[in-house]
Amino acid sequence: MGKPEEDGAPVTAPCDVADEVARLRRTFGSGRTRSLPWRREQLEGLLRLLDEREPELAVAIEQDLGRNAIGSFMGDIAPVRSEIRHTLKNLEKWARPRKVRVPVTQQPGVAREIPEPKGTVLVIGAWNFPILLTLHPLVSAIAAGNTVLLKPSELSPHVAAALATLLPLYLDPSAVAVVTGGVDVSTQVLAERFDHIFFTGSTRVGQVVLEAAAKHLTPVTLELGGKSPVIVTADADLDVAARRIAWGKCVNNGQACIAPDYVLVEDSVRPQFVERLLTRLQESAKAEPTRMVNEAHFDRVVGLLDGHGGDVVGGTHDRATLKIAGTVVTDPDPDSPVMQEEIFGPVLPVMSVPSLADAVAFVNDRPKPLALYVFSNSGRSVDTVVSSTSSGSVGVNQVLYQMLVPELPFGGVGESGMGSYHGRKGFDTFSHLKAVLHKPTVIDLALTYPPYGPIASRILRRVMG
């Protein structure tokens, strides 16, 4: 049963984490989750949940984040529904043994990769898109045939409580369990041994997860963040660039791991671009009635507006409502906090650079980002950015949308994360690709066994070397 916290946010009753993990392991040991019909049934159940309970989930998201129903549909519900449908369409193909070419030295023989579920896995969701970033990896984990312990973020408690209540009504409760709570519960969860851990969140907490996983040699997927840059070249369509960048920055009030974090614009078009960006940012902020998730995050983002050495346009804020207006910081000190920390709010630094080469050098001097965006009408400039930088993903003349392509892997590189998911990549992330070589017994050449005389040695060296 749920109960209210002092702030009115419901939480589920405490449970013994170790008992939950043991129960999930027993279910996996029964072999039930390996069945493709079982996997399909769970995915179809999850799809029904999103269809039938969308209003309840939208209310929970609004309570936690202030986001309206259509914003929650577009940012949380629709992408998961799309992923489920794509997975159902391709599940049999992904789960099929994959034939591998056998070299002549191993002939006759047949080699295959057989996808098998890893076992009992842990999925730790994030608060900023609490349905998307919790259920999206769940889709892949179920499709691969695992049992799953789901830990929604405590910073979106209404969504966490909704998931804890609703998921057992639509999914096999002996195979998918939900635990809710704060740091103490997360600590208990991470003390358990899992067959895979999937975490979405900050780099700092990702380090904690990785350290805990190392104690059990558990493989991990870390979807982290960082500062995702935008490069705007002199030949870009400035109107489109300003509109799309402003929109991407204001989605969920800037609280998105792949939101534009700063802009590098060529000197020759800087004035025109900044003018357009300010107009579009104000329009987008009015159209996205969201807020910061809590006072701590509000204070952190507002604090970034001090001591950066640049000029601030906008920046009005109200702690009582947790609202921060869309803000542009022009030419800040590259060493200031606003240019060193992931902003995760509606503040957008814009820096001038003499050339595209300078923009690329600036990006490459910093940790590898989760996403990188380039706005340009020059194919050569785009190719230069894509080939000369390293990032988890790249968006050309658009922001955020690369995450919505089912067969594009989503993940970071370096400090922005490790591993990826979505589509077949997600299925493989939660699968062990078991290598199998099948050799017939009809042919059993004596020369392959010792002792190796001169003739056998020459033949083996010629064939194998």
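I will go through one sheet, the helices beside it, the nonpolar cores and one buried aspartate in this predicted model.

Start with the sheet. It is open, has six strands in the order 7-6-5-8-9-20, and its pairing is mixed. Strand 7, residues 176–178, and strand 20, residues 417–418, are the edge strands. Each has a single partner, so one side of each has no neighbour in the sheet.

Within that sheet, look at strand 5, residues 120–124, and strand 6, residues 147–151. These two run parallel and are joined by five bridges. As one example, Val123 has Leu150 of strand 6 as its bridge partner.

Helix 5, residues 132–143, packs on this sheet. The strands that helix 5 touches are strand 5, strand 6, strand 7 and strand 8, the last being residues 196–200. The direction of helix 5 makes about 170° with that of strand 6.

Helix 5 also has a helix beside it. Helix 4, residues 69–95, has an axis that comes within 9 Å of the helix 5 axis, and the two cross at roughly 10°. That angle is under 35 degrees, so helix 4 counts as roughly parallel to helix 5. On the helix 4 side the contact includes Gly75, Pro79, Val80 and Leu91. On the helix 5 side, Leu135, His136 and Ala143 are among the residues involved.

Now the cores. The largest nonpolar core has 84 residues, and those touching the most other members are Leu135, Leu138, Leu167, Val232, Ile245 and Phe273. Helix 5 supplies the largest share of this core, eight residues. Take Leu135: beyond its neighbours within four places in sequence, its contacts are Leu46, Leu50, Val80, Leu150, Leu163 and Leu167. Val80 is also part of the helix 4 contact with helix 5, and Leu150 is the strand 6 partner of Val123. There is a second, separate core of 26 residues, which includes Val329, Ile343, Val347 and Val385.

Last, the aspartate. Asp261 sits in the loop between helix 9, residues 238–250, and strand 11, residues 262–266. Is Asp261 buried or exposed? Its relative accessible area is 3%, which is under the 20% cut-off, so Asp261 counts as buried.

What does the side chain of Asp261 meet there? It makes a polar contact with the side chain of Lys227, at 2.3 Å. A polar atom of the Asp261 side chain also lies 3.2 Å from the backbone nitrogen of Ile343, and Ile343 belongs to the second core. Leaving aside neighbours within four places in sequence, other contacts of Asp261 include Gly226, Ser228, Lys249, Glu341 and Phe344.

Note on methods. Residues are numbered from 1 along each chain as its sequence is written. This is a predicted model: local features need pLDDT of at least 70, side-chain atom pairs count only at pLDDT 80 or more; totals for chains, interfaces and linings use all residues. Side-chain values use heavy atoms; hydrogens and water are left out. Two strands pair if DSSP finds at least two bridges between them. Helices (H or I, at least four residues) and strands (E, at least two) are DSSP runs, numbered from the N terminus. Contact means heavy atoms within 4.5 Å. Axes are lines fitted to C-alpha atoms, for helices over the stretch in contact, and angles run from 0 to 180 degrees between N-to-C directions. Buried means under 20% relative accessible area, exposed over 50%, partly exposed in between (1.4 Å probe, protein chains only). A polar contact is a pair of N or O atoms within 3.5 Å; within protein, one must be able to donate a hydrogen and the other to accept it, and residues adjacent in sequence count only if both atoms are side-chain atoms. A nonpolar core is a set of buried Ala, Val, Leu, Ile, Met, Phe, Trp, Tyr and Cys residues joined through side-chain atoms within 4.5 Å. Angles under 35 degrees count as roughly parallel, over 145 as roughly antiparallel, 65 to 115 as roughly perpendicular and the rest as oblique.
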